[in-house]
Amino acid sequence: IAKLPLAAGLRALSQDLPKGNAARTIECLAAKLERGVPLDQAAAAPDVRLPPYLCGLLACGLRSNNLGIVLEQFLRHERLRDDLRRVVIRRALLEAG
């Protein structure tokens with residue numbers, strides 16, 4: 001992800017994310033960027049519905065010239081959150097059964 005242009009990096013990120021709202025949102029953002037929409041306008045578009053924390057992460061990554069690293073950390077966090085959710089659900093089901 002770190003070596004790709006922004007739209008391609010976001011598209012790769014969306015494919016690596018667990019299926020769900022975050023992946024669809026990032027995919028929509030990547031599509032807008034590929035059509036030439038500036039990042040700030042694409043992120044603010046009503047159909048993108050980018051959470052404020054993710055807008056902040058993108059802005060910080062761009063300002064610091066470390067967007068690839070920021071996106072990789074976001075992906076790591078999303079995967080960890082998804083794994084944790086599965087573990088909690090599995091435990092709850094085992095204790096209930």
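**Ring pairing, cysteines and residue environments in a five-helix model**

At a relative accessibility of 47%, Tyr53 counts as partly exposed, where buried means under 20% relative accessible area, exposed over 50% and partly exposed in between (1.4 Å probe, protein chains only). The structure is a predicted model, in which local features require a pLDDT of at least 70 and side-chain atom pairs count only at pLDDT 80 or more, whereas totals for chains, interfaces and linings use all residues. Residues are numbered from 1 along each chain as its sequence is written, and side-chain values use heavy atoms, with hydrogens and water left out.

The protein chain contains five helices and zero strands, the elements being DSSP runs numbered from the N terminus (helices: H or I, at least four residues; strands: E, at least two). Read along the sequence, these elements give the pattern α-α-α-α-α. Taken along the principal axes, the C-alpha atoms fill a box of roughly 55 × 25 × 20 Å. Of the 97 residues in the protein chain, 33% are buried, and the accessible surface comes to about 6,400 Å², of which 58% belongs to carbon and sulfur atoms (areas from the Shrake-Rupley method with a 1.4 Å probe; for residues, only the protein chains shown count as cover). Among contacts between residues at least 6 apart in sequence, 38% join residues at least 24 apart, a contact being heavy atoms within 4.5 Å. The chain carries 15 positive and 10 negative side chains, and the centres of the two sets lie 1 Å apart; Lys and Arg count as positive and Asp and Glu as negative, without His and the chain ends, and each charge is placed at NZ of Lys, CZ of Arg, CG of Asp or CD of Glu.

For aromatic side chains, rings of Phe, Tyr and Trp (its six-membered ring) pair if their centres lie within 6.5 Å, with planes under 30 degrees apart counted as stacked, over 60 as edge-to-face and the rest as tilted. By this rule the count comes to one aromatic pair. Tyr53 and Phe74 form this pair, which is tilted, with 6.4 Å from centre to centre and 45 degrees between the planes. The pair links distant parts of the chain, 21 residues apart, since Tyr53 belongs to helix 4 (residues 52-64) and Phe74 to helix 5 (residues 67-96). Whereas Tyr53 is partly exposed, Phe74 counts as buried because its relative accessibility is 4%.

Tyr53 appears again in the surroundings of Glu78, a residue of helix 5 that counts as buried because its relative accessibility is 3%. Leaving aside its neighbours within four places in sequence, Glu78 is in contact with Leu17, Pro18, Ala22 and Tyr53. The C-alpha atoms of Glu78 and Leu50, 28 residues apart along the chain, are separated by 15 Å.

Further residues of helix 5 include Arg76, which is exposed with a relative accessible area of 51%. Between Arg76 and Asp16 the separation is 60 residues in sequence and 9.8 Å from C-alpha to C-alpha. Ile89, likewise placed in helix 5, counts as partly exposed at 46% relative accessibility; its C-alpha lies 22 Å from that of Asp16, with the two positions 73 residues apart in sequence. Leu84, also in helix 5, is exposed with a relative accessible area of 53%, and Leu84 and Val37, 47 residues apart in sequence, are 35 Å apart from C-alpha to C-alpha.

With a disulfide taken as a pair of cysteine sulfur atoms within 2.5 Å, the count comes to zero disulfides. Cys28 is unbonded because its sulfur is 12 Å from the closest cysteine sulfur, in Cys55, too far for a bond. Cys55 is likewise in no disulfide, the nearest cysteine sulfur, that of Cys60, being 11 Å away. Cys55 counts as partly exposed, with a relative accessible area of 28%.

Backbone geometry was also examined in the loops. Most residues other than glycine have a negative phi. Arg49, although not a glycine, has a positive phi of about 50 degrees; Arg49 lies in the loop between helix 3 (39-44) and helix 4 and counts as exposed because its relative accessibility is 67%. In Asn65, another residue other than glycine, phi is positive and near 65 degrees. Asn65 is found in the loop between helix 4 and helix 5, where it counts as exposed at 71% relative accessibility.
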